[in-house]
Amino acid sequence: MKIITTPSEMQAWSRERLIAGERIACVPTMGYLHEGHLSLVRRARTAADRVVLTLFVNPTQFGPGEDYAIYPRDPGRDRALCEAEGVDVIFMPTAAEMYAPDASTAVVEEALSRRLCGASRPGHFRGVCTVVSKLFNCVRPDVAVFGQKDAQQALVIKRMVRDLNFPIEIIVAPIVREPDGLALSSRNVRLSAEERKSALGLSRALGMAREAFARGERDAATVRRRIEEELAASGLRTDYVEIVDTGTMEPVAQLAPGVLVALAAFAGQTRLIDNCEL
Ligand code: AMP
């Protein structure tokens, strides 16, 4: 397994692979890898000859006062996990390598990124779209794999790739959960024992929404209210509860198959997200 730290070296590696006629898959991550990330690597493996995992905690997608400085990091452990999964390259540039001090260009998706995480984290998707574009230009993949855990992000990236003609297929892989239902996240490591218990409120609330839907409930406002109650009862501070169309991220009044229920809530200082499609 190769560790590459500069964009030019990454581009040179990819150029050789492309000349050799190989397909490259890219798995963008911020590191502190878990089974969710590794499931993306395995999916990537089935779609290409080579797998490049990018490991970059991107400063521009964090807002002021967010957790950039304390985001969990353990490159040594990430490296061992990638090696065990047969990853071909870890691309891990430094922030200085990625952003010139006078960088003044950004990629902005203007419709799908407005609501949900875009509303509660201004500038977040601008940072995401910009860094993913840059990573794509470094890795030059044929295919890239993202997680449904960040459902809005996956949709925004698909739109960006379509709108800007990136010749890249986007695959979205299912959410990997702990046995008790908690969606895996690098941020889970920061939860205290009590917050870890509270955090279960997210998947419990989604389960409740699914059950309500199965029983015939169709009123989105009612389900939203019940989810908010469940999150509060679990000791979580709700950031948002949204019930939206999966294609537009616009709120719906009526539940229907395929509608996305998306949640963000704080357990202590740690912001967690989760979602399900009805
Ligand atoms: P992150 O390192 O949190 O930025 O995530 C990198 C990629 O892994 C994103 O495409 C996420 O959606 C995906 N991911 C994170 N957690 C999970 C999970 N529990 N299951 C599946 N994919 C995930």
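In this predicted model, helix α1 (residues 7-19) and helix α6 (residues 124-139) have axes that come within 7 Å of each other. The two axes cross at roughly 50°, an angle that is neither under 35 degrees nor in the range 65 to 115, and α1 and α6 are therefore oblique to each other. The model also holds a ligand, with 17 residues surrounding it.

**Contact of α1 with α6**
- On the α1 side, the contact is made by P7, M10, Q11 and S14.
- These residues meet N137, C138 and V139 of α6.
- By class, the residues of this contact divide into 4 nonpolar and 3 polar, with no charged residue.

**Ligand surroundings**
- Of the 17 residues around the ligand, the closest are H37, G147, D150, V176 and L184.
- G147 also places a backbone N or O atom 2.9 Å from an oxygen atom of the ligand.
- For V176, a backbone N or O atom lies 2.9 Å from a nitrogen atom of the ligand.
- M30 has a backbone N or O atom 2.9 Å from a ligand oxygen atom.
- The ligand taken alone exposes 480 Å², and the protein buries 92% of that area.

Key: Residues are numbered from 1 along each chain as its sequence is written. This is a predicted model: local features need pLDDT of at least 70, side-chain atom pairs count only at pLDDT 80 or more; totals for chains, interfaces and linings use all residues. Side-chain values use heavy atoms; hydrogens and water are left out. Axes are lines fitted to C-alpha atoms, for helices over the stretch in contact, and angles run from 0 to 180 degrees between N-to-C directions. Helices (H or I, at least four residues) and strands (E, at least two) are DSSP runs, numbered from the N terminus. Angles under 35 degrees count as roughly parallel, over 145 as roughly antiparallel, 65 to 115 as roughly perpendicular and the rest as oblique. Contact means heavy atoms within 4.5 Å. Ala, Val, Leu, Ile, Met, Phe, Trp, Tyr, Cys and Pro count as nonpolar, Asp, Glu, Lys and Arg as charged, and the others, Gly among them, as polar. A residue is near a molecule or strand if one of its heavy atoms lies within 4 Å of it. A polar contact is a pair of N or O atoms within 3.5 Å; within protein, one must be able to donate a hydrogen and the other to accept it, and residues adjacent in sequence count only if both atoms are side-chain atoms. Accessible areas come from the Shrake-Rupley method with a 1.4 Å probe; for residues, only the protein chains shown count as cover.
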